[in-house]
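Reader: I've got this one open at the bench. Can you walk me through the ligand site?

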Amino acid sequence: SIPPEVPVSSLDWLLGNWESVEPGKGSYPSLKDFRYTEDLHFAQMGQPIINFMFNASDAETKKILHRECGFIQMQTGTNRVAFIIAQNSGLVEVEEGELVGKKLSLHTQALARPSFAKEPHVKEVWPQCGLSLTSHKLTHVTLACVGCRVSLIIKKNPQVSRVFQLQPDGKLEQTLSMSTDKQPMTQHLHITYSRLA
Ligand code: HEM
């Protein structure tokens with residue numbers, strides 16, 4: 001069956017400016033719990049595309065911790081949504097997912113980072129070397145050569161999974177989980193926003 005046409009206007013409920021009602025909760029097994037505030041800005045700029053900007057700060061020191069900006073697109077004739085995201089950490093992400101009612105569920109589709117990002121990054125696989133896939137895990141793949149015994153671990157981290165949901169009281173809720181090379185998918189952030197007048 002043909003899915004009903006869901007234009008970008010079906011994201012109208014996101015448009016405008018939002019601010020955390022009370023500090024959001026940040027956590028991760030490798031981190032000390034933290035509190036943060038965040039403002040969100042969604043605007044449509046004359047195209048069927050939404051521009052967005054998110055600014056998160058430490059709730060006590062007000063120091064800026066995290067920033068994201070980008071574009072939201074919808075696939076014509078479907079409820080598929082894509083967030084094209086640049087983050088101040090250097091991470092560039094495409095997240096994709098579905099809009100169901102006023103709930104937006106997204107998951108990492110592609111990841112990139114600057115060449116000088118901290119982790120080692122595989123740039124080339126020597127073609128004469130008989131590298132082949134030896135294990136495929138949620139967070140990394142391992143390639144190994146039975147001849148020269150070289151093995152490469154290619155990290156796929158972090159994978160991000162998040163949900164934006166409009167609550168019946170008009171507040172917006174975001175829950176974000178991620179996996180890294182050390183942790184399976186675990187909650188990192190939870191926060192609720194109210195719309196600014
Ligand atoms: C740490 C990813 C959003 C605050 C981290 C780490 C990763 C990460 C991979 C390191 C975890 C570790 O060391 O095991 C992300 C991603 C985000 C995101 C992919 C969005 C898609 C945010 C937001 C905040 C935040 C919105 C809000 C304040 C922090 C803090 C740390 C952290 C405070 C600890 C930093 C440190 O110890 O230096 N994040 N994060 N993150 N994140 Fe996020």
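Author: Sure, one term up front: helices (H or I, at least four residues) and strands (E, at least two) are DSSP runs, numbered from the N terminus. Residues are numbered from 1 along each chain as its sequence is written. This is a predicted model, where local features need pLDDT of at least 70, side-chain atom pairs count only at pLDDT 80 or more, totals for chains, interfaces and linings use all residues, and side-chain values use heavy atoms, with hydrogens and water left out.

Reader: Which strands each supply at least two residues of the shell around the ligand?

Author: A residue is near the ligand if one of its heavy atoms lies within 4 Å of it. By that cut-off, 19 residues surround the ligand. The strands that each supply at least two are strand 3 (34-44), strand 5 (64-74), strand 12 (159-166), strand 13 (172-179) and strand 14 (186-195).

Reader: Which protein residue is the donor to the iron atom?

Author: Donors are N, O and S atoms within 2.8 Å of the metal (3.2 Å for Na, K and Ca); water is not among the atoms, so sites may look incomplete. The iron has a single protein donor, at 2.3 Å, through NE2. That residue is found in strand 14, and the donor is His188.

Reader: How far is an oxygen atom of the ligand from the side chain of serine 30?

Author: Ser30 is among the closest residues to the ligand. A polar contact is a pair of N or O atoms within 3.5 Å. From the ligand oxygen to an N or O atom in the serine 30 side chain, the distance is 2.5 Å.

Technical notes: Polar contact = N/O pair within 3.5 Å; in protein donor to acceptor, adjacent residues only side chain to side chain.
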